[in-house]
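User: Let's go through this structure with some short questions. Please show it first.

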Amino acid sequence: MAKSKNSNPEYPVGAGGEIHQSATGKSDTLTTQQGVPIADDQNSLRAERRGPTLLEDQVMREKVFHFDHERIPERVVHARGFGAHGYFENYESLSDITEADIFQRAGEQVPAFVRFSTVLGNKGSADLPRDVRGFAVKLYTKQGNWDLVGNNIPVFFIQDAIKFPDLVHAAKQEPDRGFPQAQSAHDNFWDFVTLMPESMHMLMWAMSDRAIPRSFRFMEGFGVHSFRFINKAGEARFVKFHWKPALGLQSVVWNEALKINGADPDFHRRDMWDAIQRGDFPEWELGVQVFDDAFADQFEFDVLDSTKIIPEEQIPVKPIGKLVLNRVVDNFFAETEQVAFCTQNIVRGIDFSNDPLLQGRNFSYLDTQLKRLGSPNFTQIPVNAPKCPIHHFQQDGHMAMTNPRGRANYEPNSWDNGEGPRENPDTGFRSYPQQIEGEKQRVRSETFADHYSQARQFYISQTDVEQEHIADAFVFELSKVEREDIRLRMVSHLLNVDQDLANNVAQGLGLASLPEPAKAAIPTRTDLPASPKLSILLNGPGSFKGRKLGVLVSEGVDANLFSALKDAAVSEGATVAVVAPTVGGVTASDGTSIAANEKVDGGPSVLFDAVVVLIAEEGADKLINHGPARDFVNDAFAHCKFIGYTMDALPLFQSAGLESKLDAGCISIRKASDATDFLNSCKELRHWERQGSVNKV
Ligand code: HDE
């Protein structure tokens, strides 16, 4: 008797994106979608040489028809994203706290797909607006797909999913004019958030350097909500998930971000693509904060409130595994665009908490995938399909690729002698049987009411440099806001966070006087200690690994110095890009040719983590009075980068007005050993001591 089941299929050639490609590399005959060989792909069929095109032309019509339907709706948020494949490796058995299959065996690997994104911008926007970054991970476990759909910031703007449409409407383009896109620096956003005090903690993060990451490789990720871990005995604990980048955290400065968006709008995706292609696989550790109900009950805030963190000093993050991204996609649309994350995708051993934001997300993600992908069969798209056996009776619908054979499409049935797929209470997903009683009501728990204390805690946990960046970001954004009452309202909230911050922002906005502090439901707690783990700069990697050195060379560049620099950079695990007056490169002092990666005005210093100006007397003329070369050093200086230079480069610094300002972050390179010293300095990533002396950027 035929079994009625769906088994994870081997997708047949032709259905999974392998059309048009010859496995042997030999050139196949072009065909229509129906497989009919095409004789002429240059001309449509017409009556007479110069006559009208015929409706009969099935080849042209099929091609244009397909083209007309190539786009699917972009994501309503997180539209701009970039995905890659990899794997997750579990460190040790966690069977004492969870029965999730993925965490049972040391060293076990499961495949993973990750999509990073910005939130606000449309699909074609730039990579580096000030914005939260999505960090969505799909883990293809042996017990089904687990999606951890997180962000690079551990808190969120709102506490209840019912406000999400308002938040997103306010933050995206204004509805009448359709702009500004990909940025929060406009009236509607600041109007909404200043009317929603619960967003204050998130705003501190969003105005911090976290919102302008150097690249996806240098960001943390967070599951944000509290989830549940449940072990075999049915014991449940709360868990918060963290991704920690192996290369450490790093951000750019705001003025740099503005310029990068022009110089390379694909800065982040290019960085990820290049790193994976050269075998420098981006890596994160998965860490967990595990705590029980007793901790949750005595914690200062509600663990179900997504506008709060649990400081790592209170519950340390325990590393439990690593994520490695080692393969770029074959096709952007098939994989990155069609990947469908759903927060409801969890596996046995993990459960949701009652966080009202998470509960709302569980509805939203499935719903949005139907709209975007157009069919309830989106789980059959290869990137979404589980990599474990699947057996069910769901069938039909648009684009059904794997309808089961046989007569039984219902359960129970008598056609399969009981051998068809059946439920299994021993291994099947189970929910934590939490006791729930009380009245059904539309309320916000009073345990969610403190909106300022952790905003303050975040702020006081930052270094002076970082605090200055936060104030500057508020000033920048609010200076784009037309209505003064909105600006004032924001400052009135900041007065509940930190007086100095409020003063600095008010001054930056040119306010004549400070407003009254906003009315707070709960007064700000001042007893929460600083949490050093919240600072990027206090937790620097102390390494230049994975970073990019830009070397501006001229004709006649000293060949020894150049190769010493290259060697020093490579031994630090960094990459080198050569920037030259022309893309044809230069001839070095020993007559060898040095190829260029960029012409100087296409390779501004904002694209690099540190720069060296390796100019020789012979070629100095071409660069000294060249605007882009001046910008190269000026920007590197203003963005507090380490700058190496030869003596022959000094006239360029002079023409840029920097000669008298050169500081300890500017390192002269005269001999090969100076190159090593320079790269050692670069491990600090930025020469922040300079920040006070450069014009605010
Ligand atoms: Fe999302 N979010 N979100 N979100 N979100 C989407 O799903 C939603 C929230 C996050 O790379 C959408 O497939 C609601 C928090 C990421 O494909 C949509 C609420 C966090 C991605 C949706 C939130 C996120 C999304 C749009 C309030 C961090 C990109 C397209 C309760 C923990 C995933 C889509 C990808 C995408 C809804 C809040 C992260 C509409 C209703 C909090 C990383 O379903």
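**Helix pairs, a metal site and two loops**

Analyst: We begin with a helix pair: α14 passes α18 in a right-handed crossing. Keep in mind that this is a predicted model.

User: At roughly what angle do the axes of α14 and α18 cross?

Analyst: Helix α14 covers residues 559-571, and helix α18 covers residues 672-682. Their axes come within 8 Å. The crossing angle is roughly 35°.

User: How many residues of each class, nonpolar, polar and charged, are in the contact of α14 with α18?

Analyst: On the α14 side, the contact is made by L561, A564, L565, A568 and A569. On the α18 side, A672, A675, T676, F678 and L679 take part. By class, that gives 9 nonpolar, 1 polar and no charged residues.

User: How are α12 and α13 oriented to each other?

Analyst: The axes of α12 and α13 are 6 Å apart. They pack at an angle of about 155°. Angles over 145 degrees count as roughly antiparallel. Therefore α12 and α13 are roughly antiparallel to each other.

User: Which residues of α13 meet α12?

Analyst: By class, this contact has 8 nonpolar, 1 polar and no charged residues. From α12 come V491, L494, L495 and V497. They meet these residues of α13: Q499, L501, A502, V505 and A506.

User: How are α3 and α12 oriented to each other?

Analyst: Helix α3 spans residues 187-194, and helix α12 spans residues 484-497. Their axes come within 9 Å and cross at roughly 40°. The crossing is left-handed. The two helices are therefore oblique to each other.

User: What is the class make-up of the contact of α3 with α12?

Analyst: Helix α3 brings D187, W190, D191 and T194 to the contact. Helix α12 brings I486, R489, M490 and H493. The make-up is 3 nonpolar, 2 polar and 3 charged residues.

User: Why is α10 described as largely enclosed by the rest of the structure?

Analyst: Helix α10 covers residues 453-460. Its buried residues are S453, Q454, A455, R456, Q457, F458 and Y459. They pack against α4, α11, α12 and α13. The helix is largely enclosed because 7 of its 8 residues are buried.

User: Which protein residue is the donor to the iron atom of the ligand?

Analyst: The iron atom has a single donor from the protein. The donor atom is an OH, 1.8 Å away. The residue lies in helix α9, residues 356-373. The donor is Y365.

User: Is L94 buried or exposed?

Analyst: L94 sits in the loop between β1 and β2. Leaving out residues up to four places away in sequence, L94 touches F103, K318 and I320. Its relative accessibility is 2%. Buried means under 20%, so L94 counts as buried.

User: What is the relative accessible area of Y410?

Analyst: Y410 lies in the loop between α9 and α10. Beyond its neighbours within four places in sequence, Y410 is in contact with F393 and W415. It is partly exposed, and its relative accessible area is 37%.

User: What distance separates the C-alpha atoms of Y410 and E477?

Analyst: Along the chain, Y410 and E477 are 67 residues apart. In space, their C-alpha atoms are separated by 57 Å.

Note on methods:
Residues numbered from 1 in each chain as written. Predicted model: local features only at pLDDT ≥ 70, side-chain atom pairs only at ≥ 80, totals over all residues. Heavy atoms only, no water. Axes fitted to C-alpha atoms, helices over the stretch in contact; angles between N-to-C directions. Helix = DSSP H or I, 4+ residues; strand = E, 2+ residues; numbered from the N terminus. Parallel < 35°, antiparallel > 145°, perpendicular 65-115°, else oblique. Left-handed = near helix turned anticlockwise from the far one by under 90°. Contact = heavy atoms within 4.5 Å. Nonpolar A, V, L, I, M, F, W, Y, C, P; charged D, E, K, R; others polar. Donors = N, O, S within 2.8 Å, 3.2 Å for Na, K, Ca; no water. Buried < 20%, exposed > 50% of the residue type's maximum accessible area, 1.4 Å probe, protein only.
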